[in-house]
Each structure stands twice: as structure tokens, then as C-alpha cells.
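Me: I have just opened this entry and would like a short tour of it. Could you take me through it?

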Amino acid sequence: MKICLECGDPIVGREDKKFCSDGCRNAYNNKINKDSTNYMRNINNKLRKNYRILSELNIDGKSKTTRAKLMSKGFDFEFFTNILNTKSGNTYYFLYDQGYMVLDNDFYVLVKKDI
């Protein structure tokens, strides 16, 4: 007889079931996937916030904005997921598929990668 990975109760039903209910399955997966430290949770929250801001300002896939507008929405320039250096010498900072490049006079071009 199989037992539930979350609560230890016996499992009734299909042979390949691992949990006795959806509630136990959700609780188990939430424990496995949670951020292990406050430091990780804070960084992930900042990345999500930056991503939301870029997505909100870059509806068409390519647009321009100012540093002041990004900062007024709470954008934190220290947090991004990767950097892309182009052959032409431009540097783009990305948050997953949303990116930005610094222009002159505190302007930024916002771009979206096709994934």
C-alpha cells in the first residue's frame, strides 16, 4: 500500500498516485519550490518587480523611456538576469525576455526578445 508523500495517509486510487488529495499535492510542491532564505526571496521579488515595470512600459516590444520614469515606478537598476553585448558594442541588460539599453541624456530603449 502506498502512502501520501505529504501527510502519510494511505492512498486510494490509481497505482501511480503520490498524494491522497490535491491539497496535499499543493502543500508538498509549495514546500519544495519555496525560496529557502529571505535573501533569495527579496532578490526574486526585486526581479519580478523590475520585470513587471519593463513589461508595463514596453507594450509594443520596443519603446523609449526615461530614467526618471523607471525610478518613479520603483525600478532597481542593480537587479537583472543577464547582459547582452552586441557586435556593435551596445550593452543590453535583460530581465528574462524584457531588456533595456542606456542611451544619451538619461533615456533608455526598452526591447523584448522573441523566445
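Reply: The following turns cover the overall fold and then one residue. The model is predicted, so local features need pLDDT of at least 70 and side-chain atom pairs count only at pLDDT 80 or more, while totals for chains, interfaces and linings use all residues. Residues are numbered from 1 along each chain as its sequence is written, and side-chain values use heavy atoms, without hydrogens and water.

Me: How many helices and strands are there in the protein chain?

Reply: The protein chain has three helices and five strands, in the sequence pattern α-α-β-α-β-β-β-β. Helices (H or I, at least four residues) and strands (E, at least two) are DSSP runs, numbered from the N terminus.

Me: And what does the C-alpha trace span along its principal axes?

Reply: The C-alpha trace of the protein chain spans about 70 × 30 × 25 Å.

Me: Changing topic, where is asparagine 58?

Reply: Asparagine 58 lies in the loop between helix 2 (38-57) and strand 1 (62-66).

Me: Is asparagine 58 buried or exposed?

Reply: Asparagine 58 has a relative accessible area of 2%, so it is buried. Buried means under 20% relative accessible area, exposed over 50%, and partly exposed in between (1.4 Å probe, protein chains only). Of the 115 residues of the protein chain, 24% count as buried.

Me: Which residues is asparagine 58 in contact with, leaving aside neighbours within four places in sequence?

Reply: With those neighbours left aside, asparagine 58 is in contact with Ser63, Gln98, Leu110, Val111 and Lys112, where contact means heavy atoms within 4.5 Å.
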